[in-house]
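Me: I want to learn how to read a fold from its core outward. Where do I begin?

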Amino acid sequence: MARLLQGVDFDRYNQRLYIVGESDMLSLDRIGALEAKRDHMAEEYTVSRIPRSREVGQSWSSAVFSSLSCLFSVCQTVFQHNPDVVLCNGPGNCVIVCAVALIPRFFGLKCIPIVYVESFARVRSLSLSGKLLYYMADRFVVQWPGLLQKYPSAEFIPHLV
């Protein structure tokens with residue numbers, strides 16, 4: 001995600017919210033490195049740590065409870081910060097973030113655009129997150145042309161991340 005954000009106009013998006021899984025130390029380090037390169041005179045960013053919806057190897061039955069914990073945390077974060085756009089990729093937590101971002105739209109309060117970038121590693125099929133978000137995202141980006149045949153509403157941008 002940090003590589004994807006290198007192309008973002010930080011003058012336009014000068015208040016940024018990063019939502020990171022509690023156990024995701026790598027992303028936390030990358031966000032710190034990315035933000036350290038910026039001139040912070042007029043910029044503000046926040047990192048919100050949320051519980052993972054499902055740990056690797058966790059049983060599906062216990063994932064219901066961890067997903068609910070993630071949902072409550074994401075609701076609090078999204079409603080507190082009221083984002084203008086959601087840019088996401090990859091893990092299952094992003095499905096919950098996007099679902100929560102759709103709530104204001106459903107009630108006619110605010111349309112928060114959702115942009116999902118599928119992993120570069122997904123050459124022939126979408127990830128589970130991608131399969132779910134294909135129908136939720138306003139813009140759905142794939143990085144391999146073969147995926148456009150199966151998912152014609154997707155946008156093809158090669159080697160983005």
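Reply: Begin with the nonpolar core. This is a predicted model. In soluble globular proteins, nonpolar side chains tend to be buried together. Here the largest nonpolar core has 26 residues. Val74, Val86, Cys88, Tyr116, Leu126, Leu133 and Phe140 touch the most other members.

Me: Which elements give two or more residues to this core?

Reply: Helix H3 (60-81) and H4 do, along with E3, E4 and E5. H4 supplies the largest share, 7 residues.

Me: What does Val86 touch, leaving out residues up to four places away in sequence?

Reply: Val97, Cys98 and Ala101 are on the list. So are Ile112, Pro113, Ile114 and Val115.

Me: What lies apart from the largest core?

Reply: Another core, of 6 residues. Leu5, Phe10, Val20 and Ile31 are among them.

Me: Now the sheet. In what order do the strands run?

Reply: Read it strand by strand. The order is E3-E4-E5-E6, in an open sheet of 4 strands with parallel pairing. E3 (86-89) and E6 (155-156) each have a single partner strand, so one side of each lacks a neighbour in the sheet.

Me: How many bridges join E4 to E5?

Reply: There are 3, between residues 114-117 of E4 and residues 139-142 of E5. The two strands run parallel. Tyr116 has Phe140 in E5 as its bridge partner. Both residues also appear among those touching the most other core members.

Me: Which strands does helix H4 touch?

Reply: H4 (residues 93-106) packs on the sheet against E3 and E4. Its direction makes about 155° with that of E3.

Conventions:
Residues are numbered from 1 along each chain as its sequence is written. This is a predicted model: local features need pLDDT of at least 70, side-chain atom pairs count only at pLDDT 80 or more; totals for chains, interfaces and linings use all residues. Side-chain values use heavy atoms; hydrogens and water are left out. Two strands pair if DSSP finds at least two bridges between them. Contact means heavy atoms within 4.5 Å. Axes are lines fitted to C-alpha atoms, for helices over the stretch in contact, and angles run from 0 to 180 degrees between N-to-C directions. A nonpolar core is a set of buried Ala, Val, Leu, Ile, Met, Phe, Trp, Tyr and Cys residues joined through side-chain atoms within 4.5 Å. Buried means under 20% relative accessible area, exposed over 50%, partly exposed in between (1.4 Å probe, protein chains only).
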